[in-house]
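Visitor: Got a minute to walk me through this one? I'd like to hear about the packing before anything else.
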Amino acid sequence: MNAVDCRGLGKTYNQGSRDEVAALDDVDLTVEAREFVALIGPSGCGKSTLLRLVADLVEPTAGTVRVAGKPARVARRDQEYGIVFQQAGLFEWRTVQHNVELPLELRGTGRRARADRAREMLELVGLADFAGRYPAQLSGGMAQRVAIARALAVHPPLLLMDEPFGALDEMTRERMQDELLRICARAGTSVLFVTHSIPEAVYLADRVVVMSARPGRVTAVVDVDLGPRTEAVRTDESFFAAVTLVRQALRGNPAVGEGDPALAGER
Amino acid sequence: MKRHRRAVAVLAPPVVVGLLALGAWQLFVVGGRVAAYVLPSPSAIGAEFWSDRDIVVRVSLASGANALVGLVCGALAGIVAALVASRFRIVAEASIPVVAALNALPIIALAPIFNNMFATTSSIPRRLVVAIVVFFPVFLNTWRGLREVAGVHRELMDSYAAGGWAFARKVRLPGALPFFFTGLRQAASLAVIAAVVSEYFGGLQNGLGSRITSAAAVTAYAQAWAFVVGACALGLLFYACVLVLERIAMPWRARRNT
């Protein structure tokens with residue numbers, strides 16, 4: 001069963017009025033179980049809209065979304081996904097621990113089970129020592145790790161991320177990327193990851209979905225096969241080849257599929 | 001030790017400035033032979049304050065009780081009104097412009113009218129004035145806080161499929177707390193001012209305001225000033241209490257810089 005299945009997805013804002021905007025048009029997207037898919041494209045290409053359609057935070061005007069085999073609405077009600085935004089969006093009046101517990105609380109999980117799970121998640125993101133702190137006492141990278149712990153608290157099979165590292169400095173960002181890969185591998189989570197950074201998309205993803213703007217469409221899908229990600233990968237020849245491939249796809253250059261034989265392209 | 005030193009560093013400058021100002025005042029009055037009806041010297045006011053301390057405390061308690069009862073009632077009414085206005089948009093749209101306009105009125109001017117509505121021995125008119133004065137800042141600030149929810153928090157709660165009640169209890173209400181306290185801080189000072197000033201317009205003569213007017217009427221200027229000092233102390237006490245309450249209610253703010 002696929003983690004995400006989008007068919008013929010379209011979204012037009014203010015439909016029928018004069019300021020009608022077609023954000024997405026006829027998008028097909030699949031995220032397989034345990035797969036890491038990155039969405040990349042220029043601003044206004046509808047990548048965030050696509051993520052919100054999968055999350056059922058926005059309703060499509062055409063097509064269907066299925067998450068974990070269920071309609072998006074049902075999947076949202078069943079908390080089949082965790083979501084992380086560019087802003088950590090922690091609640092400043094809750095301690096780190098209670099922030100992570102929030103989704104469990106809303107699910108009606110018992111107090112003990114909640115505390116245990118939150119501990120486990122904070123352990124996973126390496127912030128167990130900060131459980132009693134308030135968000136105002138955390139750095140940006142730490143806050144974002146708490147947000148990830150919170151998104152994973154209900155053990156969702158799918159993680160949706162909207163430029164989660166966009167506001168972090170480069171060093172923190174790279175460390176967070178490695179941690180994210182480690183966490184998702186351990187928890188067996190599928191990920192749909194929106195970014196505007198080509199190296200980030202290539203480093204993280206099994207598949208990079210390239211989009212174009214006005215209206216938002218999928219223009220290319222680049223398979224990335226770099227094996228297990230280590231520091232060495234960041235400076236490897238094949239990494240740069242993949243980056244180049246994605247860059248060309250973003251520019252609308254039809255060279256996708258050629259080049260390095262390790263990188264097979266579609267479309 | 002370090003903490004101690006920091007406290008001294010924070011407190012020392014205003015204390016020094018205050019003492020210097022008092023010294024300058026004393027010099028100005030004594031050296032410039034200023035008449036007592038224009039401005040008594042701080043030492044004269046201090047002496048008067050000390051000899052009348054029992055009366056000052058007693059009348060401060062009377063005014064303080066009026067201010068406190070009015071503050072609590074007005075704040076509660078403000079909170080309830082803000083909850084209703086944030087829950088029912090039509091109520092907010094209809095009432096906010098009216099409330100903003102009323103807020104610009106000098107409510108204190110109603111005091112003599114209220115005095116005629118109740119018995120001359122009643123404390124209700126003054127408490128009513130205080131409650132009305134307090135209502136506006138608490139209502140407007142709390143309402144603003146209840147309305148303001150970060151977009152990311154809204155989306156997050158949507159993603160959890162959280163219901164309206166859970167959203168209100170876990171996001172809206174705690175999020176409005178800082179706004180409420182901003183309103184309450186304004187209201188605490190206003191409550192004391194309203195309680196004292198409303199006594200100027202007659203009614204029961206047991207508080208600071210009536211003492212100030214009667215002392216001034218019999219040319220006991222230093223005594224009048226002693227009661228003014230009492231009013232200042234009362235205002236500061238109210239403000240400090242709200243600050244303490246704020247720290248207790250929002251521990252996440254107190255610990256921000258540790």
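Guide: Sure. This is a predicted model, and its largest nonpolar core has 80 residues.

Visitor: Which residues have the most contacts inside that core?

Guide: Those are A:Val54, A:Phe193, A:Val208 and A:Val246.

Visitor: And which helix gives the largest share of this core?

Guide: Helix H5 of chain A, residues 140–152, which puts in eight residues.

Visitor: Back to A:Val246, what does it touch?

Guide: Leaving out residues up to four places away in sequence, A:Val246 touches A:Ile40, A:Ile198, A:Ala201, A:Val202, A:Val208, A:Val210 and A:Val222. One of those, A:Val208, is also on the list of residues with the most contacts in the core.

Visitor: What about a second core, how many residues there?

Guide: That one is separate and has 54 residues, including B:Ile45, B:Phe49, B:Ile79 and B:Ile107.

Visitor: OK, chain B then. How many helices and strands?

Guide: Chain B has 11 helices and zero strands. Its C-alpha atoms fill a box of roughly 75 × 60 × 30 Å along the principal axes.

Visitor: What percentage of chain B counts as buried?

Guide: 35% of its 258 residues. As for contacts in chain B between residues at least 6 apart in sequence, 76% join residues at least 24 apart.

Visitor: Switching again: how many residues of each chain are in contact across the A–B interface?

Guide: 16 residues of chain A contact 16 of chain B. On the chain A side, helix H2 (72–77) and helix H3 (96–107) each supply at least two residues.

Visitor: How does that side split by residue type?

Guide: Nine nonpolar, four polar and three charged, for the side of chain A touching chain B.

Conventions
Residues numbered from 1 in each chain as written. Chains lettered and ligands numbered in written order. Predicted model: local features only at pLDDT ≥ 70, side-chain atom pairs only at ≥ 80, totals over all residues. Contact = placed C-beta atoms within 7 Å. Helix = DSSP H or I, 4+ residues; strand = E, 2+ residues; numbered from the N terminus. Nonpolar A, V, L, I, M, F, W, Y, C, P; charged D, E, K, R; others polar. Core = buried A, V, L, I, M, F, W, Y, C linked by C-beta atoms within 7 Å. Buried ≥ 20, exposed ≤ 12 C-beta atoms within 10 Å, placed from the backbone.
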